[in-house]
Amino acid sequence: MKILVGIKRVVDYNVRIRVRPDGSGVDTDGVKMSINPFDEIALEEALRIKEAGKAEEVIVVSIGGDECQQQLRTGLAMGADRAVQVQSEGHVQPLTAARALLKVVEKESPGLVILGKQAIDDDNIQTGQMLAALWDRPQATFASEVILEGDKATVTREVDGGLETIEVDLPAVITADLRLNQPRFVKLPDIMKAKRKPLDVMSLGDLGVAAENDIDIGHHAPPPQRSRGIMVEDAAQLVKELKDRGLL
Amino acid sequence: MSILVIAEHHGGKLNISTARTVHCATAIGGDIHVAVLGHEIDGIAGEAAGLDGVSRILAVSGAHLEKPLAANLAPEIAALAGDYSHVLGPSTTFGKDIMPRVAALLGVNQVSDIMSVEGERQFKRPTYAGNAIVDVAVPDHAKVVATARAASWSAVEGGSSADIEKRAATTQAPGHTRYVGLKAAGGERPDLQSAPKVVSGGRALGSAENFDLIFKLADRIGAGVGASRAAVDAGYVPNDMQVGQTGKIIAPELYMAFGISGAIQHVTGIKDAGTIVAVNKDAEAPIFEIADIGLVGDLFSIIPEIQSLLD
Ligand SMILES: Cc1cc2nc3c(=O)[nH]c(=O)nc-3n(C[C@H](O)[C@H](O)[C@H](O)COP(=O)(O)OP(=O)(O)OC[C@H]3O[C@@H](n4cnc5c(N)ncnc54)[C@H](O)[C@@H]3O)c2cc1C
Ligand SMILES: Nc1ncnc2c1ncn2[C@@H]1O[C@H](COP(=O)(O)O)[C@@H](O)[C@H]1O
């Protein structure tokens, strides 16, 4: 079985986000870029499944400009066997990402596709569900545990009401939540080795995918700021303050 | 213009997220219908019919619609969507799972987490963990499929009586996805997403036993209980208590954070709270930058002091 993992290049989660003064977007000049944290978890899960002898090959895919090759190389250094870049300039919306992933799926026939539950730049939370719809296959989103048995996966999902378990037939799309695993660190020799692993490049056009029905992204603004309030000295002052404000 | 709102329900009860989503729909305007999909749903349809601003309930029943499985529900919703210009769901894990599958079946991108309505097809939504608010517009020819950000929309009132139209499901179960079960963590405490007060604990609590301090204080003031990711990861409390970018986004009148540092991913979840109280032993903790009332000190002595002051 092959496992396909989607990797998006995003602003590192530790970076303090600054909206450009002209409202055209978020400042990315000289800003640290990383693999979307949920995608690292997705990849880690795929690697563990392979290491358990339940998959033969792990392929990382990214849709984006050439700079996303950096993140694909990191994925290869983590242990993926090969990488595919679907070249696309500019902002890629979830439906386009899902359509491109579907083309790669049709080429590679994976038994499992694991994506992150959410890209932490646009916070869309759509791509996995869309891919599953277009592929007409099951989806198991927000996964915190995945157990593979034969041609089925039992997946525990983090939902508002607790932990939900569903069973899906393979092939299926799984999206990774934070508690699925703790991704491994990349070691230096692996970075060297990753340089020799295959990285195929194709364009959205090659795959016959056009960005349709894109949502028009307009002005960006920083959120209304909460300002620093008052400091109190002790519990008694805190309780008094809350009572004065009618909150207790 | 006509809007279809997808109702969320669990255990035979309408979820409050439905009334919030209807509020968002009323801001867009037009005729608002609510689709209740499930099995044996007369009671839920009746509840939904009471929501202010709703003119009709579509009660679609089918055995395969009983559980909240996106693979089963999305095709049925997509089949209903033809008659509507907008399809709206809640931005809960239920809506986040199902609505993008509906959008893809309809060939459109989804507008996730509507914070405000600027026009029939123009909205504001948060990105980058709420650090950039973006104006988005759906192209004229495309159906609007969207989710409403729970913390931005209060629930509409009840007391109305919309018509209920019963329908049988027109789709079949794909059969490839099966519901196994739900391990519900919830107890008798107020629901985190609608509680007017929330008391929250972080890594500093140190253990599940110590987290009892938080539960006791919450019970004393009738609050819901939240936690940081670190506290959930460490196993002090279950996942459904996590507040933040990847947990719940909440807007209580009072939020009290004990031993939480205030990472952006956590703060995203509480930005809309009325009053934020932070207790942390580190005067430099970032949580103080956004707290309305801050107290530097050890939570292990401060919480018992608060308790005794209240008794
Ligand atoms: C993609 C991604 C998504 C994330 N999503 C979320 C999310 O949804 N929600 C979330 O919460 N986090 C999330 N995080 C994690 C987040 O970055 C922080 O790691 C987390 O919020 C830290 O939790 P904490 O504040 O409890 O722990 P810490 O940061 O370790 O803070 C503990 C605090 O307790 C204080 N303290 C210690 N002892 C005491 C004492 N005795 N009395 C008083 N104060 C004390 C310390 O001074 C410190 O400030 C996410 C991270 C990533 C990468
Ligand atoms: N451009 C992209 N390239 C590769 N994977 C992507 C891309 N966009 C989204 N994904 C995958 O889809 C997941 C969810 O993204 P989103 O729907 O944008 O929140 C991400 O965590 C990735 O695994």
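Two strands count as paired when DSSP finds at least two bridges between them. I started from that criterion with E8(B) and strand E9 (residues 122–127) of chain B, which 3 bridges join in an antiparallel run. I note at the outset that this is a predicted model, and I read every entry below with that in mind.

**Entry 1: the E8(B)–E9(B) pair**

I followed the chain from E8(B) to E9(B) and found a hairpin that makes the connection through 2 residues. Looking for a specific pair across these strands, I noted that Gly119(B) stands opposite Gln122(B), the latter in E9(B).

**Entry 2: the sheet around that pair**

I then asked which strands make up the open sheet that holds E8(B) and E9(B), and in what order they come. I traced 4 strands in the order E12(A)-E10(B)-E9(B)-E8(B), with antiparallel pairing, so written with one strand from chain A and the rest from chain B. At the edges I found strand E12 (216–221) of chain A and strand E8 (116–119) of chain B, each of which pairs on one side only. From one strand to the next, the twist averages 30°.

Where the two chains meet in this sheet, I counted 4 bridges that join E12(A) to strand E10 (residues 132–137) of chain B, the two running antiparallel. For one position I wrote down the partner: Ala221(A) is bridged to Ile133(B) in E10(B). As a reminder for reading side chains here, in a regular strand they alternate between the two faces of the sheet.

**Entry 3: a second sheet shared by the chains**

I looked next at an open sheet of 6 strands, whose order is E13(A)-E18(B)-E17(B)-E16(B)-E14(B)-E15(B) and whose pairing is parallel. Its edge strands are strand E13 (230–232) of chain A and strand E15 (224–227) of chain B, and each of these pairs on one side only. With direction ignored, I have neighbouring strands of this sheet turned by 20° against each other on average.

At the place where chain A joins this sheet, 3 bridges link E13(A) to strand E18 (residues 293–296) of chain B, and the two strands run parallel. I picked out one facing pair, in which Val232(A) stands opposite Leu295(B) in E18(B).

**Entry 4: chain B as a whole**

I listed 8 helices and 18 strands for chain B. Its radius of gyration is 21 Å, close to the 19 Å that the globule rule gives for 311 residues, so I take chain B to be as compact as a globular protein of that length. I also noted the extent of the C-alpha trace of chain B, which spans about 60 × 40 × 40 Å along its principal axes.

**Entry 5: ligand 1**

Where does ligand 1 lie with respect to the chains? I found ligand 1 between chains A and B. I listed 29 residues that surround ligand 1, and the closest are Arg203(B), Ser228(B), Thr246(B), Ser261(B) and Asn280(B). By type, the residues of this shell divide into 11 nonpolar, 13 polar and 5 charged.

Helix H1 (37–51) of chain A supplies at least two residues of the shell around ligand 1, as do helix H6 (229–233), helix H7 (264–267) and helix H8 (299–310) of chain B, each on its own account.

I then went through contacts made by oxygen atoms of ligand 1. An N or O atom in the side chain of Ser261(B) is 2.6 Å from an oxygen atom of the ligand. A backbone N or O atom of Arg229(B) lies 2.9 Å from an oxygen atom of ligand 1, and for Gly259(B) the corresponding backbone distance is 3.2 Å. The protein covers 85% of the 980 Å² of accessible area that ligand 1 has on its own.

**Entry 6: ligand 2**

I found 17 residues around ligand 2, the closest being Asp39(A), Ile63(A), Ile125(A), Gln126(A) and Thr127(A). They divide into 7 nonpolar, 8 polar and 2 charged.

Which strands of chain A each supply at least two residues of this shell? I noted strand E4 (57–64) and strand E6 (112–116), and the largest share, 3 residues, comes from E4(A).For polar contacts, I recorded that a nitrogen atom of ligand 2 is 2.8 Å from a polar backbone atom of Ile63(A). An oxygen atom of ligand 2 is 2.9 Å from a polar backbone atom of Gly116(A), and an oxygen atom of ligand 2 is 2.8 Å from a polar backbone atom of Ala119(A). Of the 480 Å² of accessible area that ligand 2 has on its own, the protein covers 98%.

How values were computed
Residues numbered from 1 in each chain as written. Chains lettered and ligands numbered in written order. Predicted model: local features only at pLDDT ≥ 70, side-chain atom pairs only at ≥ 80, totals over all residues. Heavy atoms only, no water. Near = heavy atom within 4 Å. Polar contact = N/O pair within 3.5 Å; in protein donor to acceptor, adjacent residues only side chain to side chain. Areas by Shrake-Rupley, 256 points an atom, 1.4 Å probe, with all protein chains shown as cover. Nonpolar A, V, L, I, M, F, W, Y, C, P; charged D, E, K, R; others polar. Axes fitted to C-alpha atoms, helices over the stretch in contact; angles between N-to-C directions. Rg over C-alpha atoms; globule rule 2.2 N^0.38 Å.
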